[in-house]
Amino acid sequence: MATTHLRSLQALELALRKGSLSEAAAELSITPAALGQRIRTLEDFLDLDLIVRGRKGTRPTQELEDVLDDLQTAFLCLERVTDGLNFQKASAIHIVADLDFAELWLAPRLKAFRAAQPNIQFCINGQGDVPSRVGAPDIRIERDAQSEGEMLFEDVFVPVCNPANLWRIGRHDADYVLEGVGLVHVHGRADLPTWESWCQQFGKRRTGLDRGQKFRNTRLALEATQNAVGFMLCGLSLCEDDLSRGSLVRLFPAKMGIKAAAPYRVWTRKTAAVRPQLQRFVNWLHNEGEKTQAYIARQKD
C-alpha cells in the first residue's frame with residue numbers, strides 16, 4: 001500500500017473517531033484543509049464518497065460503514081505494534097505539538113538542545129530529521145485543562161505592538177486609549193483570548209473590537225505586529241525574545257493580562273519513556289518550561 005494511502009486512511013479513521021475534521025487535524029497537528037485533502041485523495045483513488053459532513057459531525061457513508069470496524073481495529077493494532085516494538089530509531093523522538101508552541105517556543109530553544117545532544121533526531125508535527133510514522137507520537141504537547149499530562153507552564157496574554165506604533169495610543173480618546181488603533185487577530189482559535197474579552201475586563205476601547213487584520217496562526221499575526229501593522233494580544237511565552245530585544249513592547253503592566261484558558265501540558269508514551277534519549281529531552285523540556293514560567297511571573301510583578 002502506498003504511504004499516501006496509509007496516511008489518508010489514518011486521517012479518515014481519526015476524523016470518524018473524533019467526529020470532527022478540526023479535532024482530527026489538531027490531533028495530527030495539520031490544518032483541517034490538509035486533513036480534508038488526505039481524505040479526498042483516497043476518495044478520488046477509490047472513486048467513492050467515504051464521509052458525510054453534517055450538523056451532527058462527520059459520519060461514514062454506507063460503503064465505509066461496511067468496513068469501518070476493520071479500519072478502526074487496524075489502527076488500534078498498529079498503535080499496539082508501535083508500542084510493543086518501539087518501532088523507530090532509538091535516537092529519534094516523534095513529537096506532536098500545538099503549532100504556536102512548536103513554532104514560537106520550542107523551535108528557538110531546540111537549537112541549544114540539539115547542539116548539546118547532536119545524536120538525537122526529531123520529527124515534529126511530521127517534519128524533521130526522520131520521516132513521520134503512523135501511530136502514537138512519543139510526546140504530545142498542547143494546551144489542555146485536563147490533569148493527565150504534566151504541566152509545562154501557564155501563559156498570560158498581553159497587548160503588544162512595535163515601538164513605532166506607541167504614538168498612536170490615546171490619539172482619539174484619553175480614557176479609551178486604544179480607540180481607533182489597528183488591531184491584529186488570530187482567527188479561528190477558540191482557545192485564545194480575544195480583544196473583546198480583554199477590553200471587557202480592562203476597558204481601553206469600546207468599538208470595532210472585531211475589526212482589523214486577521215491571521216490563521218500566531219506566527220503570522222506576530223510577524224505582522226513586528227512590522228507595525230497593528231496591536232496584538234500575544235502570550236508572553238511566545239514573544240519573550242521580541243520583548244527582550246525591544247522589537248515589541250507591552251502596552252500596559254503585565255498584570256493587565258488574561259491567563260490562557262489552559263496550561264501547556266506534556267504527555268509521554270509509556271513504552272517510549274524508558275529510553276534515555278527521551279528522558280533527557282523531557283527533563284530539558286521541563287527545565288525550559290520552569291524558566292518560562294519564572295519569566296512570566298517576573299513580568300507580572
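Select Arg275 and Asp138 to begin: in this predicted model, the two side chains form a salt bridge whose closest N and O atoms are 3.5 Å apart. The pair links distant parts of the chain, with Arg275 in the loop between E14 and H10 and Asp138 in the loop between E5 and E6, 137 residues apart. Both partners are buried, Arg275 as well as Asp138.

Keep Asp138 selected and add Arg269, whose side chain meets that of Asp138 in a salt bridge of 2.6 Å, N to O. Here too distant parts of the chain are linked, since Asp138 sits in the loop between E5 and E6 while Arg269 sits in the loop between strand E14 (264-268) and helix H10 (276-300), 131 residues apart. Is Arg269 buried or exposed? Arg269 is buried, as is Asp138.

Before moving on, show the salt bridges across the whole model, of which there are 16. Side chains of opposite charge can pair when their charged atoms come close. Next, select Asp129 and Arg114, whose side chains meet in a salt bridge of 2.9 Å, N to O. Asp129 lies in the loop between strand E5 (127-128) and strand E6 (139-143) and Arg114 lies in helix H6, so this pair ties together parts that are 15 residues apart in sequence. Asp129 is partly exposed, with a relative accessible area of 36%, and Arg114 also counts as partly exposed, at 32% relative accessibility.

Now move to helix packing, and color helix H6 (residues 99-116) together with helix H8 (residues 218-226). Two packed helices are described by the angle between their axes and the distance between the axes. H6 and H8 pack at an angle of about 50°, and their axes are 9 Å apart. That angle makes H6 oblique to H8. To see where the two helices meet, display the side chains of Asp100, Glu103 and Leu104 in H6, which are in contact with Thr218, Arg219 and Leu222 in H8.

For a second helix pair, select helix H2 (residues 21-28) and H3, which pack at an angle of about 100° with their axes 8 Å apart. How are H2 and H3 oriented to each other, parallel or perpendicular? They are roughly perpendicular, because angles from 65 to 115 degrees are assigned to that class. On the H2 side the contact is made by Leu21, Ser22, Ala24, Ala25 and Leu28, and on the H3 side by Pro32, Leu35, Arg38 and Ile39.

Stay with Arg38 and add Ser8, a residue found in helix H1 (residues 3-18). Ser8 touches Arg38, Thr41 and Leu42, when residues up to four places away in sequence are not counted. At 2% relative accessibility, Ser8 counts as buried.

Then follow helix H3 (residues 32-46) to Phe45, which has its place in that helix. Phe45 is exposed, with a relative accessible area of 56%, and together with Leu46 and Leu48 it makes a nonpolar surface patch of about 280 Å². Asp47 is the next residue to select, in the loop between H3 and strand E1 (51-54). Asp47 is exposed, with a relative accessible area of 70%, and its phi is near 55°, a positive value in a residue other than glycine. Most residues other than glycine have a negative phi.

A further backbone stop is Lys204, in the loop between helix H7 (195-202) and strand E10 (213-215). Lys204 has a positive phi of about 80° although it is not a glycine, and with a relative accessible area of 23% it is partly exposed.

Finally, zoom out until the whole protein chain is in view, with its ten helices and 14 strands. Along its principal axes, the C-alpha trace spans about 65 × 45 × 30 Å. Of the 301 residues in the protein chain, 48% count as buried, and the chain exposes about 15,600 Å², with carbon and sulfur atoms supplying 50% of that area. If a contact map is drawn beside the structure, consider the contacts between residues at least 6 apart in sequence: 77% of them join residues at least 24 apart.

Note on methods. Residues numbered from 1 in each chain as written. Heavy atoms only, no water. Patch = residues over 30% accessible without salt bridge, like charges linked within 9 Å, V, L, I, M, F, W, Y side chains within 5 Å. Areas by Shrake-Rupley, 256 points an atom, 1.4 Å probe, with all protein chains shown as cover. Salt bridge = Lys/Arg side-chain N within 4 Å of Asp/Glu carboxyl O. Helix = DSSP H or I, 4+ residues; strand = E, 2+ residues; numbered from the N terminus. Buried < 20%, exposed > 50% of the residue type's maximum accessible area, 1.4 Å probe, protein only. Axes fitted to C-alpha atoms, helices over the stretch in contact; angles between N-to-C directions. Parallel < 35°, antiparallel > 145°, perpendicular 65-115°, else oblique. Contact = heavy atoms within 4.5 Å.
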